[in-house]
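Please walk through this protein with its sequence and its model side by side. The paragraphs below point out a few places to look.

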Amino acid sequence: DSKTLPFSVVLTTEEKKSAKEFEYHEGRDHIFQIVEGTTVYEVGGTPKNARNTKPGEWLAPTSEGATSVTLHKGAMLVIPRGTPHKRSTEESVTLVLISTTGSVKA
């Protein structure tokens, strides 16, 4: 987390990896850009049996009413702060994650 910039940028590749739980963040938005491969996100819904893991960070085993979205090379997904999400990658994916860390200003 940068002390001078209100965002961070991460390039990552993963293979055959699935999140066990939904996560959501009170103070961060996510923007995902798929560089190569395919992955599936489950997004939204109402988290059930959520637990606070550290200030502003939450995990939940399920999110009732979440929508499944398959992302391929070139796709972009914006996940606003407070939105439950989890990723499952059957084969492999390379993606860029931009995570905002600044506060929202009207």
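What follows goes from the aromatic pairs to the pocket, and then to two places elsewhere in the chain.

The model is a predicted one. A search of the whole structure turns up two aromatic pairs. One of them joins Y24 and W58: the ring centres are 6.0 Å apart and the planes stand at 10 degrees, so this pair is stacked, since planes under 30 degrees apart count as stacked. Y24 belongs to strand β2, residues 22–25, while W58 belongs to strand β6, residues 57–60, so the contact ties together parts that are 34 residues apart in sequence. The two partners can also be described by their accessibility. Y24 has a relative accessibility of 13% and therefore counts as buried, the limit for that class being under 20%. W58, with a relative accessible area of 25%, is partly exposed.

The rings of F32 and Y41 also form a pair, with centres 4.8 Å apart and planes at 45 degrees, so the arrangement is tilted. An angle of this kind falls outside both the stacked range, under 30 degrees, and the edge-to-face range, over 60. Both F32 and Y41 are buried.

Next comes the pocket. Which residues lie closest to the centre of the largest pocket? They are E23, H25, H30, H85 and R87, out of 26 residues that line this pocket. Its volume is about 550 Å³. Several strands contribute to the lining: β1, β2, β3 (29–43), β5 (51–54), β6 and β10 (85–100) each supply at least two residues. Strands β2 and β6, named here among the contributors, are also the strands that hold Y24 and W58.

Strand β4, residues 46–48, contains K48. The relative accessibility of K48 is 31%, so this residue counts as partly exposed. How far apart are K48 and F32 in sequence and in space? They are separated by 16 residues in sequence and by 25 Å from C-alpha to C-alpha. F32 is buried, whereas K48 is partly exposed.

The last stop is at the surface. L5, F7 and V9 make a nonpolar surface patch of about 260 Å². L5 sits in the segment before β1, which spans 7–18. With a relative accessible area of 44%, L5 is partly exposed; that value meets the requirement for patch residues, which is over 30%.

Note on methods: Residues numbered from 1 in each chain as written. Predicted model: local features only at pLDDT ≥ 70, side-chain atom pairs only at ≥ 80, totals over all residues. Heavy atoms only, no water. Patch = residues over 30% accessible without salt bridge, like charges linked within 9 Å, V, L, I, M, F, W, Y side chains within 5 Å. Areas by Shrake-Rupley, 256 points an atom, 1.4 Å probe, with all protein chains shown as cover. Salt bridge = Lys/Arg side-chain N within 4 Å of Asp/Glu carboxyl O. Helix = DSSP H or I, 4+ residues; strand = E, 2+ residues; numbered from the N terminus. Buried < 20%, exposed > 50% of the residue type's maximum accessible area, 1.4 Å probe, protein only. Phe/Tyr/Trp six-rings, centres within 6.5 Å; stacked < 30°, edge-to-face > 60°. 1 Å grid on protein atoms, 1.4 Å probe; cavity = no way out; pocket = protein on both sides within 12 Å on 5 of 7 lines; lining within 4 Å. Points joined across faces, edges and corners; volume = space filled by probe spheres on them.
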